[in-house]
Amino acid sequence: MEANLEQRGLAMKREEINVCVLRVGGTNCDAETKRAFDELGVQAEVVHVNEMVKRRSLLEYNALVFPGGFSYGDYVRAGAIWAKWILAKLGKELKAFVYENRPVLGICNGFQVLVEAGLLPGFEGISPYPEAALATNFPPGYNCRWVYIKHENDVKCVFTRKIPKGKVLRMPVAHSEGRLIFAKEKEKQYLKRLYENDQLVFRYCKKNGVYAEGRFPTNPNGSFHDIVGVCNREGTIFGLMPHPERAFYWWQQPDWTRRARMPQYGDGKLIFESLIEYLVKKF
Amino acid sequence: MTRRLYINRRTPFPLFEIDVLAATDKQLLKISREMGIGLNLQEIRAVQEYFRKRRRNPTDVELQTIGQTWSEHCFHKTFKGKIKFDGKEIDSLFKTYISKATEEINPRWCFSVFEDNAGIINFDKDYGIAIKVETHNHPSAIEPFGGAATGTGGVIRDILGVWADPIACTDVLGFGPLDYDYEKLPPGIKHPKYVYMGVVAGIGSYGNNMGIPTVNGAIYFDESYVGNVVVYCGCIGLLPLKKFRRNAKPGDIVVLAGGKTGRDGIHGVTFASAELTEKSEEISRPAVQIANPIEEEKLKRAIIEVRDSELASAITDLGGGGLSSAVGETAKRFDCGAVVELEKVPLKYPGLAPWEIYVSESQERMLLAVPQISLKRVLEIFEKEDVEATAIGKYTVDKVLRIHHRGEKVAELDIPFLFEPPKSVRTAEYKPANLEEPRFAEPENLTKTLLELLASLNIASKESVIRTYDHEVKGNTVLKPLQGEYGGPNDAAIIKPLKNSWKGIAVSCGMNPNYGKIDAYWMAASAIDEAIRNNVAVGGRRIALLDNFTWGNPEKPERLGSLVNACGACYDFATAFGTPFVSGKDSLYNESPLGPLTPTLLITALGVVPDIRSAVSMDVKAPNDSIYIVGQTFHELGGSEYYKLKGFLGSTVPKVRPKQARKTFETVTKAIDSGLVKACHDLSEGGLAIAAAEMAFAGGYGVKLNLREVPRKALNRNDFVLFAESNSCFFVEVLEKAREDFEALMKGNVYAEVGRVTKTPRLCIYGLEGDVVVDASLSDLLASWKRTLSSGV
Amino acid sequence: MKIEVSLKPGHSDPEGETTARLLKELGYKVERVGVSKVYSLSLEAESLEGVAAEAEEMCKRLLANPTKDNYAIVVEEEK
């Protein structure tokens, strides 16, 4: 944890934070992702990649978000084209961003992008070729449903520091290619590393916290080891398939009409809050 | 030797002159058939007359343009023409029954009805809500995936076509039974299973890819849909009223934006205006458009920015008829003419003839009118989003449409002529069906009957389909299609479109084609009642309606007769309920070698929920709460799912009693607003038994009901009380302590306390004799309900 | 040239399995279906070996994800 707070300086105010929500043709969750930051008093800018290439200003932002959607129509593989395009056109800035440990969040399609770009699982910096894949769901088909996920991370992940380890959260997924897999021959080894490095962040579980163990629909896509999301070794890059921006307000929950007393916000808010608090403290 | 009808004009590109001046009637029809323009003799004679006056022959571009514009799909000849029926002459079904209702109701909260691509109602002081429902039946019958996808794409463009930002989609689908015998399928007809899978996937692919939540819909199965699939695609949009621009002027530039133009979709409208035959696939597969939702997503972004920058003077989408409709309709709208340069249109591949360019229905294209002074900035906005946009012409002062291609004039038509096809005169007939009520003994085991009904295709859970549609994207869906843990079916969806307002919109639908087999008038009435009560059940009010007709060949008098009757009901009940029509569409000629499909009217209802915090869902909330039924149940089992299960149609189709129904709706709304309603669910297919089962298993608590308490007329059999499908009825769950207040509010209505919510997870119904007639565990009910379509085929 | 990207053995192929199931329902005695993507490319190159090397790179850099994909390259000279 200390390694992340290398740059000690004056504490940063919330109003000074600037988050970049990147988009490209096919991205479609940017508006509500920005809204989550707006709601928390933090400036977030939705920037088209073409614009970013023109301006070359990625390093002016404190955090980067790849929101959900169907970038490039999911052609070749979901997230693949956007990932390679970013590496080709903004590679230098992105690498600097990552090596300075500035937070990067990938939601759904964004997670796919981070995996295809080699930023996640991020065992050792940015890998030249993907070390994981988010493959076609098993059972197959697009699936839109609310799931329960258990927080597995000890201390590393800067996007979940406000969430106690072991807590069960509720968020919606909506995807057809969300099954996390590793190369068959590397499965055991990678899983071990995820645990050793404290890189495992969420796993699919039941409402009572019991793990899905691959069972559908508790695990909606057949993900290896029920993995929902992982972070890199530094904890500053995080990707997950569910949509925290869709679980921000109480009225977005699927059964709020049943509850006499509603918490003001949904579980998704905790992800954004954790990030903001990290940024405030870091600077 | 036959005289040549087609004269090659010897231009560097394909262009033909068609010799109509000297053609005989037989030859005129030949021309219409060979060119695929679908004009009847009266119409092509009018064309001949027009060109005689001009002393020249038409070009193929001109004939194709006329063919598209005068097609049933684009011009709605049946709804606008004259109909001889029952000794009277009806001039325009649309004016007489649909728009008349809206005129009489004269709502002050409608911003635009029947004028633009979509209806627009006021939402709050700054925003309006646009809504449109389209049909895409013919293309989906030939190419299910492509047809359904482009249907969704098309209706989304209709919303963009009124400057609204799409915020939700709906889909209502009709298929033949999934277990239809392959042996019985005639050649050229696809099996319902194949169509079902393709259509469901097509709808999902487009809506999901564009990031628009699909929040409401229905799937219906009927034997007559084999060979005639029903695909209704709806879209709702949000519009800042100040940004609405509809004032194109001569001198404004015609800008074509979006995808390139190719041969896909040519003759989509003339195809949609004809019956399907065995040859349809061969001939018409090219007529099915190809979808590219990512293109439309980028297009949408650019258009919203153009709107917000207030740079354009008008917009419309390119749908049926492609450029020929879009340019022509815009010119007509603003009382101008237009000049178009076809060589400027970006093409997918070279070699297209000018007529092909002009009538192509390639997808993802919009047409804007842009004042010269803003052109540069508009083109820059499109470029920023990676969308191609090109100036292809100009609007002119005279009311003439002129089309050029590579310097050569290829068409010149007067706009007034183009939009005044000869009025069609048709004949309609109606012979009431000679039907009888069936006679059969009450089953011994009604629990078993209930479980069978829950599993029947039109009642069974559609979860396997619904979950393939993203209904959460944009994060504004307050009431989802599936409620809570067990996925019970909510009556309507609620969207909260504005960040800083608790106001919401409720969207619901009503449709029951089975009733139409008995009486199309009551089918229409029931559809209206159902759409409204679904909306009321969640807290919706101030409801606007959309009518979408899917019928057979209107040139056959019996088909037209039922259509006229259905329209009559639309007028009667829209006025009775005070719910105006704001938009609609008709799809005719839905006939295949197996015959016509059964008349199908979809009514979509759009209501306002003043505060979404008071929204009500259908799942039972707590044990010991009381359950009331509001509304009366009659001996109306004709067309019911229960009779269908037993193999009968019957004759006692459910009627609508508007005065009582309206009172019921208004009172239920008051009760919801007073916070007295904890759950509410309307009664529909399967009657009160199904509604009770759904509320129970959705909520995870049991329900106990007493049939003796159910307000009813002429019903003295348990099965009839359980499964009658009378209109305008609701189940309402009320806190025990609030009963007095609720009953005070209900005074003057027909209602009764009929049961309770129980902790024991069972549905227990006591019959008319006091004995238990239904006793089932929630898990059994849920299993039966979910099993039928669970494998997702 | 043609590049075929297919799943490495050992990984589940939900699309293939679903397709097999439906073909069986239509009456065919299908045992297994594997789904792969075929890219047909035309490019200019100086030599066949150079092209094959470029194709390898294309697969590694974009067309295939080594976690789960195998690829097969067939190079042909276009007349």
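The following paragraphs lead through the interfaces, one helix, one buried threonine and the salt bridges of this structure, which is a predicted model.

The contact between chain A and chain B comes first. It draws on 37 residues of chain A and 42 residues of chain B. The size of an interface is often given as the accessible area lost when the parts come together. For chain A and chain B, the buried area is about 3,100 Å², and carbon and sulfur atoms contribute 48% of it. On the side of chain A, the residues that lose the most area to chain B are A:Cys144, A:Trp251 and A:Arg258, which together account for 22% of what that side buries.

Polar and charged interactions also cross this interface. Five salt bridges are counted between chain A and chain B, together with 19 residue pairs in polar contact, both residues being at pLDDT 80 or more. In one salt bridge, B:Lys499 pairs with A:Glu39, and the closest N and O atoms are 3.8 Å apart. Several elements of chain A give two or more residues to the side that touches chain B, namely α1 (30-39), α2 (49-55), β6 (143-151) and β7 (168-175). By residue class, that side of chain A divides into 14 nonpolar, 11 polar and 12 charged residues.

The contact between chain B and chain C is described in the same terms. Here, four residues of chain B are in contact with four residues of chain C. The area buried between chain B and chain C is about 330 Å², with 48% coming from carbon and sulfur atoms. The side of chain B that touches chain C consists of three nonpolar residues, no polar residue and one charged residue. Between these two chains, the count of salt bridges is zero, and the count of residue pairs in polar contact, with both at pLDDT 80 or more, is also zero.

Chain B itself is divided into domain 1 (6-79) and domain 2 (616-793). Taken over C-alpha atoms, the centres of domain 1 and domain 2 of chain B are separated by 58 Å.

Within chain A, helix α4 covers residues 109-116 and is mostly covered, since eight of its eight residues count as buried, that is, under 20% relative accessible area. The buried residues of α4(A) include A:Phe111, A:Val113, A:Leu114 and A:Val115, and also A:Asn109, A:Gln112 and A:Glu116. After α4(A) comes A:Gly118, which has a positive phi, near 85 degrees.

Chain C offers a residue whose surroundings can be followed atom by atom. C:Thr67 lies in the loop between α2 (48-63) and β3 (69-74) of chain C. Which residues surround C:Thr67, not counting those up to four places away in sequence? From chain A, C:Thr67 touches A:Pro130, A:Glu131, A:Ala132, A:Ala133, A:Ile181, A:Phe182 and A:Ala183, and from chain C it touches C:Lys8 and C:His11. C:Thr67 is classed as buried because its relative accessible area is 3%, under the 20% cut-off. Its polar partners lie in two chains: the side chain of C:Thr67 reaches the backbone nitrogen of A:Ala132 at 3.1 Å, and it makes a polar contact with the side chain of C:Asn65 at 2.9 Å.

Salt bridges occur elsewhere as well, and the structure holds 84 of them over all chains. In chain B, B:Arg9 forms a salt bridge with B:Glu17, where the closest N and O atoms are 3.6 Å apart. B:Arg9 is partly exposed, with a relative accessible area of 26%.

Two further salt bridges of chain B lie within helices. B:Lys30 pairs with B:Glu34, the closest N and O atoms being 3.2 Å apart. Because B:Lys30 and B:Glu34 are four residues apart in helix α1 (residues 25-34) of chain B, about one helical turn separates them. B:Lys30 counts as partly exposed at 35% relative accessibility, and B:Glu34 counts as partly exposed at 45%. In helix α12 (residues 293-308) of chain B, B:Glu297 and B:Lys300 are three residues apart, about one turn of the helix. The side chains of B:Glu297 and B:Lys300 meet in a salt bridge at 3.5 Å, N to O, and both residues are buried. Salt bridges that share partners also join A:Arg77, A:Lys84, A:Glu116, C:Lys68 and C:Asp69 into one network. A:Glu116 is, in addition, one of the buried residues of α4(A).

How values were computed:
Residues are numbered from 1 along each chain as its sequence is written. Chains are lettered from A and ligands numbered from 1 in the order in which they are written. This is a predicted model: local features need pLDDT of at least 70, side-chain atom pairs count only at pLDDT 80 or more; totals for chains, interfaces and linings use all residues. Side-chain values use heavy atoms; hydrogens and water are left out. Buried means under 20% relative accessible area, exposed over 50%, partly exposed in between (1.4 Å probe, protein chains only). Contact means heavy atoms within 4.5 Å. Buried area is the accessible area (1.4 Å probe) that two parts lose on being put together, summed over both. A salt bridge is a side-chain nitrogen of Lys or Arg within 4 Å of a carboxyl oxygen of Asp or Glu. A polar contact is a pair of N or O atoms within 3.5 Å; within protein, one must be able to donate a hydrogen and the other to accept it, and residues adjacent in sequence count only if both atoms are side-chain atoms. Ala, Val, Leu, Ile, Met, Phe, Trp, Tyr, Cys and Pro count as nonpolar, Asp, Glu, Lys and Arg as charged, and the others, Gly among them, as polar. Domain bounds come from an automatic or database domain assignment.
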